[in-house]
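Here are some worked exercises to try with the model open beside you. Have a go at each task before you read its solution.

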Amino acid sequence: MITMCLAIPAKITSFEGETAKVDFGEGVSREVNISLVNANIGDYILVHAGYAIQVLSEKDALETLKLWNEILDMAE
Amino acid sequence: MVQNLKFRDSNLTKQIVKKILKLAKPMDLVKICHVCGTHEWTITHYGLRSLLPANVEVIAGPGCPVCIIPAAEIDEAIQLALQGVVILSFGDLVRVPGSSLSLQGAKAKGADIRVVYSLIDAVKTAKKHPDQEFAFFAAGFETTAPSTALELLNIPPKNMSFLISHRLVPPAMILLAELEDLTFDGIIAPGHVSTTIGLKPYGVFPTHYGIPTVVAGFEPLDVLFSIFMILRQLKTGVFQLENEYIRAVNWDGNLKAQALLKQVFHVADGKWRGLGTIRSSKLILKNRFSQFSAYKKFDIPLKKGVDLQPGCKCHLVIIGKIKPSDCPLFMKTCSPANPVGACMVSNEGTCRIWSKMSFSK
């Protein structure tokens with residue numbers, strides 16, 4: 001079923017104006033509107049109902065893992 | 001990226017679950033509320049409740065944007081369709097029950113209702129058929145509303161109008177926090193809504209209501225770590241707002257999207273199915289966009305809708321007061337094939353998620 005509420009990460013492979021071609025992985029690609037974000041080729045974006053709503057930075061993704069590891073290493 | 005960065009590492013899962021068990025052991029019953037259908041999906045799909053100790057309960061709040069649309073707004077879309085206007089709708093919306101019919105039911109009776117993946121496709125369809133009137137059913141929270149604002153600012157085709165049913169999440173969370181007969185000890189705040197609104201609006205929950213609040217992502221580990229973070233706050237007694245979803249959410253949110261929302265919409269009190277009227281929770285079009293309001297363009301009779309069918313307990317499920325399996329209709333007269341309540345319809349609805357993945361706990 002086509003649902004609106006799920007947001008899915010995808011990688012921008014090319015863009016022209018406000019429309020970007022993105023790769024969702026596993027062979028799925030689609031055109032999405034990127035006017036709500038400042039994104040470039042190679043960036044990972046969060047796609048929601050055909051619009052990019054946020055850029056996911058690899059640096060911040062690594063920060064997440066850092067946060068997790070800090071929690072796990074924490075003395076109790 | 002997900003695979004490379006080990007967001008689903010089983011070793012990490014084992015370690016954090018061990019930490020949660022240890023931390024929760026001396027605690028009384030801890031109730032943690034989330035307000036996002038996608039979080040409920042992650043929790044049930046990955047069986048996270050079965051990993052948690054018996055005294056840590058995760059309950060689902062009003063996180064499904066189609067479940068909370070009042071029946072009257074579905075009825076109005078049907079009225080419009082019966083006048084010959086083509087309704088363009090997201091897929092999960094067409095099966096939501098109105099007072100007597102869903103959009104899908106109206107379609108079976110001859111109304112022209114079409115499912116679109118995106119507003120982009122809706123605009124394309126309207127442009128392709130300039131002699132036909134189209135109305136886009138604009139539902140959704142802060143994640144979806146910016147795209148509606150964007151297309152309105154781009155000037156949609158003349159034969160296209162909008163039924164605006166957008167709602168805002170933080171006002172509903174405030175309502176939950178103020179409910180006297182519902183208590184919970186922590187909030188997992190919705191990750192995708194937060195990409196738009198940022199962390200700022202949640203500050204009130206720890207400071208004013210004394211509820212530990214963590215914005216979380218949607219991988220199973222995101223949810224488990226956010227549960228740990230809430231338990232840690234409960235243990236130390238220092239209640240604050242924490243961000244677990246740092247890869248997508250920052251303090252300010254998406255400022256571009258917020259600016260678009262401000263240009264196009266006013267905020268007004270709005271009705272939520274099962275919750276009543278919530279202050280400052282609904283978006284309405286500003287006057288300069290009124291020519292795109294389906295309500296202004298067409299004569300739609302406004303009637304009071306029937307939000308709850310007899311026996312349906314959706315209103316208690318969406319505030320997390322009961323579990324779907326506590327409802328007498330659940331998987332008996334109400335099932336995904338024949339939904340009675342809105343919560344059984346959408347993939348984001350708690351009853352629907354439970355019907356597919358879990359019946360207990």
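Two residues are in contact if their C-beta atoms, placed from the backbone, lie within 7 Å. This is a predicted model, in which local features need pLDDT of at least 70 and side-chain atom pairs count only at pLDDT 80 or more, while totals for chains, interfaces and linings use all residues. Residues are numbered from 1 along each chain as its sequence is written, and chains are lettered from A and ligands numbered from 1 in the order in which they are written.

**Exercise 1. Describe chain A and the side of chain A that touches chain B.**

Step 1. Begin with the elements, which are DSSP runs numbered from the N terminus: helices are H or I with at least four residues, strands are E with at least two. Chain A has one helix and five strands, and their order along the sequence is β-β-β-β-β-α.

Step 2. Look at the contacts in chain A between residues at least 6 apart in sequence: 28% of them join residues at least 24 apart.

Step 3. Check burial. A residue is buried if 20 or more other C-beta atoms lie within 10 Å of its own, exposed if 12 or fewer, and partly exposed in between, with C-beta atoms placed from the backbone. Of the 76 residues of chain A, 39% are buried.

Step 4. Turn to the contact between the chains, which takes 33 residues from chain A and 40 residues from chain B. On the chain A side, strand 1 (7-16), strand 4 (44-48), strand 5 (51-56) and helix 1 (58-73) each supply at least two residues. Helix 1 of chain A gives the most, with ten residues.

Step 5. Sort this side by residue type. Ala, Val, Leu, Ile, Met, Phe, Trp, Tyr, Cys and Pro count as nonpolar, Asp, Glu, Lys and Arg as charged, and the others, Gly among them, as polar. The chain A side has 21 nonpolar, eight polar and four charged residues.

**Exercise 2. Place Thr195(B) in its surroundings.**

Step 1. Find Thr195(B) in helix 9 (residues 191-197) of chain B.

Step 2. Thr195(B) is buried, because 27 other C-beta atoms lie within 10 Å.

Step 3. List the partners, leaving out residues up to four places away in sequence: Thr195(B) touches Leu46(A), Ile53(A) and Gln54(A), and also Ala248(B), Val249(B), Gly253(B) and Asn254(B).

**Exercise 3. Work out the layout of the four-stranded sheet in chain B.**

Step 1. Strands pair if DSSP finds at least two bridges between them. This open sheet has the order 4-3-5-6, with parallel pairing.

Step 2. Strand 4 (113-115) and strand 6 (160-166) of chain B each have a single partner strand, so they stand at the edges and one side of each lacks a neighbour in the sheet. From one strand to the next, the twist averages 25°.

Step 3. Strand 5 (residues 134-140) of chain B runs parallel to strand 6 of chain B, joined by seven bridges. Ala138(B) stands opposite Ile164(B) in strand 6 of chain B.

Step 4. Add helix 6 (residues 119-128) of chain B, which packs on the sheet and touches strand 3 (86-89), strand 5 and strand 6 of chain B.

**Exercise 4. Which residues of strand 2 of chain B are buried, and which are not?**

Step 1. Recall that in a regular strand the side chains alternate between the two faces of the sheet.

Step 2. Val56(B), Val58(B) and Ala60(B) point to one face and are buried, whereas Glu57(B) and Ile59(B) point to the other and are not.

Step 3. For the neighbour, see strand 1 (residues 30-34) of chain B, which runs parallel to strand 2 of chain B through five bridges. Cys33(B) stands opposite Ile59(B).

**Exercise 5. Examine helix 15 of chain B and what covers it.**

Step 1. Helix 15 (residues 350-357) of chain B is mostly covered, with six of its eight residues buried.

Step 2. Those buried in helix 15 of chain B are Thr350(B), Cys351(B), Arg352(B), Ile353(B), Trp354(B) and Ser355(B).

Step 3. The buried residues of helix 15 of chain B pack against helix 2 (37-45), strand 2 (56-60) and helix 14 (314-317) of chain B.

Key:
Axes fitted to C-alpha atoms, helices over the stretch in contact; angles between N-to-C directions.
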